[in-house]
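Thanks for sharing this one. Here are a few notes to read alongside the sequence and the structure.

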Amino acid sequence: SEAVTNAIVHAGAAGPEAPPIQVRITGDADHVCVDVVDRGRGFTPGERAPTTGLGLGLVLIDRLCDRARVESGGGGTRVSMCFAAARRPDTC
């Protein structure tokens with residue numbers, strides 16, 4: 001939800017003509033991966049938005065994911081997050 005919230009708050013400034021936010025979820029037996037992509041203006045690492053607070057969303061994402069990557073530029077931002085899949089003990 002942090003990545004989607006960031007995309008809504010920051011890419012939403014691109015106006016009503018901005019393409020929608022895309023969320024893609026993939027997975028296998030070991031991981032669940034989520035990509036959140038927007039087409040806003042992007043950002044520079046370490047940049048904080050003066051009107052929206054402390055910018056802790058990316059810190060939380062980094063701490064909660066097994067792997068996280070952020071790609072950003074003038075054409076938008078992609079936040080890629082992977083989480084280890086929970087393993088259920090065999091019941092047989």
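What share of the contacts in the protein chain with a separation of 6 or more comes from residues 24 or more positions apart?

1. The share is 56%: that is how much residues 24 or more positions apart contribute to the contacts with a separation of 6 or more. Please keep in mind that this is a predicted model.

2. On confidence, the protein chain has an average pLDDT of 81, and 73% of the residues reach at least 70. Among the elements, strand E1 (residues 22-27) has the highest mean pLDDT, at 95, while H1 has the lowest, at 84. A general caution applies here: where pLDDT is low, the predicted coordinates should not be read in detail.

3. As for the layout, you will find 2 helices and 4 strands in the protein chain. Starting at the N terminus, their order is α-β-β-α-β-β.

4. On burial and surface, 22% of the 92 residues count as buried. The accessible surface of the protein chain is about 6800 Å², and carbon and sulfur atoms hold 55% of that.

5. You may also like to look at the second largest pocket, which holds about 170 Å³ of space. It is lined by 13 residues, and those closest to its centre are Ser1, Glu2, Ala3, Met81 and Phe83. Helix H1 (2-11), strand E2 (31-38), helix H2 (57-64) and strand E4 (76-84) each give two or more residues to this lining. By residue class, the lining of the second largest pocket has 11 nonpolar residues, 1 polar and 1 charged.

Definitions and conventions:
Residues are numbered from 1 along each chain as its sequence is written. This is a predicted model: local features need pLDDT of at least 70, side-chain atom pairs count only at pLDDT 80 or more; totals for chains, interfaces and linings use all residues. Side-chain values use heavy atoms; hydrogens and water are left out. On a 1 Å grid over the protein atoms alone, a cavity is a set of points where a 1.4 Å probe fits but cannot get out, and a pocket is an open set with protein on both sides within 12 Å along at least five of seven lines; lining residues have an atom within 4 Å of a point. Grid points are joined across faces, edges and corners, and a volume is the space filled by probe spheres set on the points. Ala, Val, Leu, Ile, Met, Phe, Trp, Tyr, Cys and Pro count as nonpolar, Asp, Glu, Lys and Arg as charged, and the others, Gly among them, as polar. Buried means under 20% relative accessible area, exposed over 50%, partly exposed in between (1.4 Å probe, protein chains only). Contact means heavy atoms within 4.5 Å. Accessible areas come from the Shrake-Rupley method with a 1.4 Å probe; for residues, only the protein chains shown count as cover. pLDDT is the predictor's confidence in each residue, from 0 to 100.
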